[in-house]
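I opened a fresh notebook page for this one, and you are welcome to read along. My plan is to pick a few spots, look each one up, and write down what I find.

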Amino acid sequence: MIKKLLGAIAISLAFTSVCSAEGGYPLDTAPNRINDLASLQHGAKLFVNYCLSCHSANAMRYNRLADLGLTDDEIKKNLLFTSTKVGDLMHVAMTPADGKKWFGSAPPDLSVMARAKSENFGPSGVDYIYTYLRTFYRDTTKHTGWDNLVFPNVAMPNVLWQLQGQRTLTRTAIAPKEGKDGKEEWVQTTTTFDPQGYSTVKTEALQNYNGPEISKDIFTPVDPAQSAAYDNDVADLSNFLGWMAEPAQLFRKRLGVWVMLFLALFLLVAWRLNAAYWKKVK
C-alpha cells in the first residue's frame, strides 16, 4: 500500500513537471497583493467595469465584497449599475449562444478561473491572468483585430486597450531551415507588429551561427508611463480574481498555522506518552 502511494505521488510530480515545461509562453510573476484591501477593491472595480459585461462570476455574490472592507452602500453606489441587488450573484445579460455567435466561443465564467489556471509547484493562476492581460497585441489578420502571446488565436479582444495604450511588438526567432542547396542553415526572422496591427517580416541568414534556437518577444510602448500604470491595474485585477476564486483563503492560511502548531504540540505529547507506556517493556 505504501509503495503504491509513493508511486502515485511520484507520477503526480512527474506529470506536474511535464505540464509546467509544456506551458508555452513563460509566465511573469504577479505582485502578491492578496492582503492589500485597497488593491483588491480597485481590482473589483476594474472587474465590474471591464469584465462583467461578458464574463459572469456565478459563484460570487456582490455582498461577499464586504470581506474587502466595502459596505452595502459602497457596493450599490460603485459596483451596481442596474436593478441588481447586493445579495445577487454576478450574472451577465449575455447568453452563451450570443457569446458563441459574436466571439466564436462563449466567454467563460471567471469565478474560479485563477484556481483553474494554477499549476501544482508551478505558476499560479494569478500569474497566468497577469501575463495574459499584458500580452495582447494588435493583428489585423485576426477577426477581432487582436491576438495574444499566452493564448494564441484567442477569441477575446483586448477590452483594456485604452488603459494600456498603443505599443509595438517585435518577435524575433532564430531557427534552422533547409537552404536552396538542401543544406541546413540558420535563419533569423523578425516580425514587427505596429500599433495599428500591421506586420512586417524581415528574414536574414546567419553565417557561422552555433547557438541554440531562440524565440524572443519585446513590447515597446508608445507611452511608457501609461504602460506602467496599466501593469499596476492588471496586478490589482489579477489579485482580485485570485481572491474571488477562494475568498476564504486568508482565513484558511491563518487557521493552517494554528493547526500545524497544535499538531506539533500533540506530537510532543504523544512521543512522551509513548515513552512512558513502553519504558518497562523489554
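**Entry 1: S56 and its surroundings**

I started with the contacts of S56: apart from residues up to four places away in sequence, S56 touches M90, H91, V92, P108, D109, L110 and S111. I should add straight away that I am looking at a predicted model.

Where does S56 lie? I found S56 in the loop between α2 (37–51) and β1.

Is S56 buried or exposed? Its relative accessible area is 10%, so S56 is buried, given that buried means under 20%. I also noted a polar contact from the side chain of S56 to the side chain of N58, at 3.3 Å.

**Entry 2: R64**

Next I moved to R64, which has its place in the loop between β1 (57–61) and α3 (72–79). R64 is partly exposed, because its relative accessible area is 33% and that class runs between 20% and 50%.

Which residue does the side chain of R64 meet in a polar contact? I found the side chain of D67, at 2.5 Å. Not counting residues up to four places away in sequence, R64 touches W243, P247 and A248.

I also checked a distance here. R64 and M156 are 92 residues apart along the chain, and their C-alpha atoms are separated by 28 Å.

**Entry 3: L133**

My next stop was L133, in the loop between α6 (125–132) and β3 (136–138). L133 has 8% relative accessibility, so I wrote it down as buried.

What is L133 in contact with, leaving aside its neighbours within four places in sequence? My list reads M156, Q164, Y230, V234 and L237. M156 was also the far end of my R64 distance in the previous entry.

I took one distance for L133 too: L70 is 63 residues away in sequence, and the two C-alpha atoms are 26 Å apart in space.

**Entry 4: D147**

D147 lies in strand β4, which spans residues 146–148. D147 counts as buried because its relative accessibility is 5%.

What does the side chain of D147 reach at 2.7 Å? It is the backbone nitrogen of N153. N153 also appears among the contacts of D147 beyond four places in sequence, together with T135, F136, Y137, D139, K142, P152 and V154.

**Entry 5: the four-stranded sheet**

Now I turned to a sheet. It is open, has four strands in the order β7-β6-β5-β8, and its pairing is antiparallel. Which strands sit at the edges? They are β7 (199–206) and β8 (214–221), each of which pairs on one side only. From one strand to the next, the twist averages 15°.

I then followed β5 to its partners. Strand β5 covers residues 167–178 and pairs with β8 in the antiparallel sense over eight bridges. I traced two positions across this pairing: T170 has I218 in β8 as its bridge partner, and T168 stands opposite T220 in β8. A general point helped me read these strands: side chains alternate between the two faces of the sheet in a regular strand.

How many bridges join β5 and β6? I noted 10, again in the antiparallel sense, with β6 covering residues 184–193. E178 has E184 as its bridge partner in β6. β5 and β6 form a hairpin with five residues between them, and G182 in the turn has a positive phi of about 85°.

**Entry 6: two stretches from the record**

I looked up the UniProt annotations, which come from an unreviewed entry. One of them, "domain: Cytochrome c", covers residues 38–137. In the model, this span is 42% helix and 9% strand, and its end C-alpha atoms lie 29 Å apart.

The other, "transmembrane region", covers residues 255–273. How much of that span is helix? I read 100% helix and 0% strand, with the end C-alpha atoms 27 Å apart.

**Entry 7: confidence**

Last, I checked how confident the predictor is. The mean pLDDT of the protein is 89, and 91% of its residues reach 70 or more. Where does pLDDT stay under 50? It does so over residues 15–23, for which the model has five contacts beyond four places in sequence.

Terms used. Residues are numbered from 1 along each chain as its sequence is written. This is a predicted model: local features need pLDDT of at least 70, side-chain atom pairs count only at pLDDT 80 or more; totals for chains, interfaces and linings use all residues. Side-chain values use heavy atoms; hydrogens and water are left out. Two strands pair if DSSP finds at least two bridges between them. Axes are lines fitted to C-alpha atoms, for helices over the stretch in contact, and angles run from 0 to 180 degrees between N-to-C directions. Buried means under 20% relative accessible area, exposed over 50%, partly exposed in between (1.4 Å probe, protein chains only). Contact means heavy atoms within 4.5 Å. A polar contact is a pair of N or O atoms within 3.5 Å; within protein, one must be able to donate a hydrogen and the other to accept it, and residues adjacent in sequence count only if both atoms are side-chain atoms. pLDDT is the predictor's confidence in each residue, from 0 to 100. UniProt positions are given in the numbering used here, feature names are shortened, and annotations may be inferred rather than shown by experiment.
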